[in-house]
Amino acid sequence: MIKESALKKKKEGQLHPFTLFALTILVSFQVFFGNQTVYWAVLILTLLIALNASTGLFLRQIIVFSVSYGMMYLLAFADLGYVTGIFIGLFALIARFIPIFNIGIVLILTSPSKILACFRKLHMPNTVSVAMIAALRFMDEIGLRLHEIRNGMKIRGFHASLLHPVRTFELYFVPLVYKCLHVSETLVSSIIAKGIEYEGEKTSYYDMRFKFADGISLFAGVALLGVALWTS
């Protein structure tokens, strides 16, 4: 009973899929048009959303951002010619896109059934809804399949190396193609098994009402977008 209550509370604490989609668009504009102050505010907002979804995700994104930002400043003291500029630009780009990644990952980790229920509330065409859900689910599956490939490489004694990019690409790409084909078949079977072709009224056990956290998040996103456009 306690476990069910905790699970219900966790589901209720997650943001509405529509909120996540809207924030993805808003944050994308803020990252490109906002100044540094707006960027830090957006970063904090998206990290709080990541924390609301998963503590592990929050810590992982903090580490990624810290490493990217730290490497960017450390490389500023190195003198490797044009290579230094390339790597500084790369890490700066990663750090700049962290807010978008934060929202995107939370959206990918959201239950496909919940997203589908959201699309039904918005009266989106079934073909569009299924295509978007399949794409989001596929992104999540890609990470799992890459992890499986890495484990298989370790067992067989293969090692990926940036010094041998062609060989590394081959080690990842070939098995990934076969795994993607298998995943696509599984996704199609899952969608059909859930009665996506049923023409009658469909229901969902997810609570699709907008909550206080959704309102606060959307208000903050719109406000930061306004500030970004005003100061640009």
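Here are four short exercises on the structure above, each with a worked solution.

The model is predicted, so local features need pLDDT of at least 70, side-chain atom pairs count only at pLDDT 80 or more, and totals for chains, interfaces and linings use all residues. Residues are numbered from 1 along each chain as its sequence is written, and side-chain values use heavy atoms, with hydrogens and water left out.

**Exercise 1: the overall fold**

Work out how many helices and strands the protein chain has.

- Start with the rule: helices (H or I, at least four residues) and strands (E, at least two) are DSSP runs, numbered from the N terminus.
- Count them up and you get nine helices and zero strands.
- Along the sequence, that reads α-α-α-α-α-α-α-α-α.
- Next, contacts (heavy atoms within 4.5 Å): of those with a separation of 6 or more, 75% are between residues 24 or more positions apart.

**Exercise 2: two faces of α9**

Find which residues of α9 are buried.

- Helix α9 covers residues 212–231, and its 20 residues reach 28 Å from first C-alpha to last. That is close to the 28 Å expected at 1.5 Å a residue, where the expected span is 1.5 Å times one less than the number of residues.
- Set the cut-offs: buried is under 20% relative accessible area, exposed is over 50%, and partly exposed is in between (1.4 Å probe, protein chains only).
- The buried ones in α9 are D214, S217, G221, L224, L225 and A228. They sit on the same side of α9 because they cover an arc of only 105° around the axis, taken from the directions from the helix axis to the C-beta atoms.
- These buried residues pack against α2 (17–33) and α3 (36–53).
- Flip to the face turned away from the buried side, and you meet exposed F212, F219, V222 and W230.

**Exercise 3: the salt bridge**

Track down which side chains meet in a salt bridge.

- A salt bridge needs a side-chain nitrogen of Lys or Arg within 4 Å of a carboxyl oxygen of Asp or Glu.
- Searching the whole structure turns up one.
- It joins R145 and E148, at 3.0 Å, N to O.
- Both belong to helix α7 (residues 126–156), and being three residues apart, they are separated by about one helical turn.
- E148 is partly exposed, at 35% relative accessible area.

**Exercise 4: V174 at the surface**

Is V174 buried, partly exposed or exposed?

- Locate V174 in helix α8 (residues 165–193).
- Its relative accessible area is 41%, so V174 is partly exposed.
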